Amino acid sequence: MFLLPVQMVGCSHETSDAVAVGRVRLSAAAVQSALESLRADGIAAVLLSTCHRTELYWAGDADLQPWLEAQLVSRTSAPLHVERRIADLAVRHLFSVASGMCSARFGEPEILRQVRTAWITAQSLEATDAMLDAIFRRAVEAARHIRIAIGCDADPSLGARVRDSVLAREGRPDGQLTDLLIVGAGDAARGVLETVTAASMRSRVRVSLTSRSDDRAARLAAANGATPIPWCRRDEQISVADAVVFAVQSTTPLIESRAAGRLMAAREAKALWIDLGVPGCVEPGALPPSVELVGLDALAPPSRRDVGRDRRAHMALQRELARFAADTQRRRIGSRILALEERAASVVRDAVKGSSDGAWSADTADAVARRVTRALLREIAELSA
């Protein structure tokens with residue numbers, strides 16, 4: 001029990017409709033604006049917003065649940081269940097989220113990158129404090145350890161699933177793929193791009209990338225050996241690509257079924273469209289026969305419960321929480337060493353002054369007090385480990 005003054009409030013796919021949660025996802029600009037507003041009010045916070053959860057972590061006793069609920073309600077009319085956790089339960093929840101234990105696909109790795117990105121974003125805006133930084137730093141470390149404990153039972157990443165889906169299609173008679181287009185430049189798109197541009201696929205598939213931000217797409221494409229496509233030319237590239245991965249955040253469909261018909265009207269060979277959006281980027285409905293659409297639920301269905309895997313994960317989680325609690329206790333003790341030394345030295349000096357024995361000088365009394373205090377603190381620290 002470390003009872004840190006930290007709180008969490010948010011909604012997720014675990015207690016609310018996944019599509020509704022996806023619709024309230026905050027853009028990078030909205031996250032920045034929210035953090036700057038909180039910082040102006042003197043509140044240190046980190047805001048995590050993905051297609052499956054939007055959660056605010058903050059330090060202090062302020063009640064920010066009404067504030068976050070107002071942010072969410074303005075983006076959807078669908079009912080959302082907002083949860084709140086404080087102190088130890090907030091820290092435990094963050095460790096569980098970062099490790100993928102709360103994900104629809106148990107142990108998936110994308111969420112760890114998203115947690116780390118949310119923390120770095122808050123740091124860059126000077127919106128965190130020392131306590132939040134310590135908690136998120138340990139959450140990232142703990143997530144890596146927990147994933148090791150889960151082992152090979154963790155679900156594959158979205159990138160690996162997309163790669164396998166593309167390779168499986170490539171082996172079919174009508175599935176000779178030469179061009180793959182990734183739409184988006186966020187965490188999901190980056191994970192797919194890094195996987196499919198591995199050396200084993202570069203010789204067989206030409207990979208291109210487009211995003212609403214041409215500069216961001218150019219940087220990400222250059223880092224992974226892909227070809228950047230300007231956003232204004234996305235329709236042209238979608239119509240000729242053999243496979244398209246939609247991994248862009250959009251509250252409304254990026255491709256309507258009627259528009260899909262126009263885009264693919266001149267195409268004879270079947271194209272593979274993989275939609276990773278929540279909500280979907282491609283409007284469900286009558287798509288042209290030249291399109292084979294694979295949604296997120298089909299590509300990466302929710303994990304089934306596995307007792308052995310869950311037990312290993314929870315045991316690893318408990319170990320990480322115990323280590324964090326012990327380290328927190330040591331830091332508290334360390335921060336009070338000087339104050340305790342001064343107090344002990346003052347008590348000894350007063351005792352010497354009131355004594356008729358003049359054998360001890362004030363310096364000797366100080367030295368004795370500090371040595372005794374440090375020895376006691378070391379014993380306490382060892383017992384709390």
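Me: How many of the five residues of strand S2 (residues 45-49) are buried?
Reply: Five of five are buried, so S2 is mostly covered. Buried means under 20% relative accessible area, exposed over 50%, and partly exposed in between, with a 1.4 Å probe and protein chains only. Strands (E, at least two residues) and helices (H or I, at least four) are DSSP runs, numbered from the N terminus.

Me: What kind of model is this?
Reply: This is a predicted model, where local features need pLDDT of at least 70, side-chain atom pairs count only at pLDDT 80 or more, and totals for chains, interfaces and linings use all residues. Residues are numbered from 1 along each chain as its sequence is written, and side-chain values use heavy atoms, with hydrogens and water left out.

Me: Back to S2. Which residues point which way?
Reply: Ala 45, Leu 47 and Ser 49 point one way. Val 46 and Leu 48 point the other way. All of them are buried.

Me: And how does S2 run against S3, parallel or antiparallel?
Reply: Antiparallel, with five bridges joining S2 to S3. Two strands pair if DSSP finds at least two bridges between them. Ser 49 stands opposite Thr 54 in S3. The two strands form a hairpin, with three residues between them.

Me: Zoom out. What does the secondary structure of the chain come to?
Reply: The chain has 16 helices and ten strands. Of its 385 residues, 49% count as buried. Among contacts between residues at least 6 apart in sequence, 73% join residues at least 24 apart. Contact means heavy atoms within 4.5 Å.

Me: How many Å² does the chain expose?
Reply: About 18800 Å², with carbon and sulfur atoms supplying 52% of it. Accessible areas come from the Shrake-Rupley method with a 1.4 Å probe; for residues, only the protein chains shown count as cover.

Me: Which strands make up the open sheet?
Reply: Six strands in the order S7-S6-S5-S8-S9-S10, with parallel pairing. Strand S7 (227-228) and S10 stand at the edges, each with a single partner strand, so one side of each is left without a neighbour in the sheet.

Me: How many bridges link S8 and S9?
Reply: Four, between strand S8 (residues 243-246) and S9, in the parallel sense. Phe 246 stands opposite Asp 275 in S9. Strand S5 (residues 179-183) also pairs with S8 over four bridges, in the parallel sense. There, Val 183 stands opposite Phe 246.

Me: Why is S9 largely enclosed?
Reply: Five of the five residues of S9 are buried, so the rest of the structure largely encloses it. Ala 271, Trp 273 and Asp 275 are on one side. Leu 272 and Ile 274 are on the other.

Me: Where is Ser 290?
Reply: Ser 290 sits in the loop between strand S9 (271-275) and strand S10 (291-295). At 7% relative accessibility, Ser 290 counts as buried. Leaving aside neighbours within four places in sequence, Ser 290 contacts Met 264, Arg 267, Ala 269, Lys 270 and Ala 271.

Me: Cores next. How many residues are in the largest nonpolar one?
Reply: It has 59 residues. A nonpolar core is a set of buried Ala, Val, Leu, Ile, Met, Phe, Trp, Tyr and Cys residues joined through side-chain atoms within 4.5 Å. Those with the most contacts inside the largest core include Val 6, Leu 56 and Phe 95. H6 gives the most to this core, with ten residues. A second, separate core of 28 residues includes Ile 182, Ala 185, Leu 220 and Val 278.

Me: What does Phe 95 contact?
Reply: Leaving aside neighbours within four places in sequence, its contacts include Ile 135, Ala 139, Leu 317 and Phe 324.

Me: Any odd torsions? What is phi of Ala 87?
Reply: Phi of Ala 87 is near 50°, a positive value in a residue other than glycine. Ala 87 lies in helix H4 (residues 87-98). At 12% relative accessibility, Ala 87 counts as buried. Glu 126 also has a positive phi, near 55°. Glu 126 is in the loop between helix H5 (110-124) and helix H6 (130-150). Glu 126 is exposed, at 63% relative accessible area.

Me: Last one. How many disulfides?
Reply: Zero. A disulfide here is a pair of cysteine sulfur atoms within 2.5 Å. Cys 11 is buried, at 1% relative accessible area. Cys 102 is buried too, at 11%.
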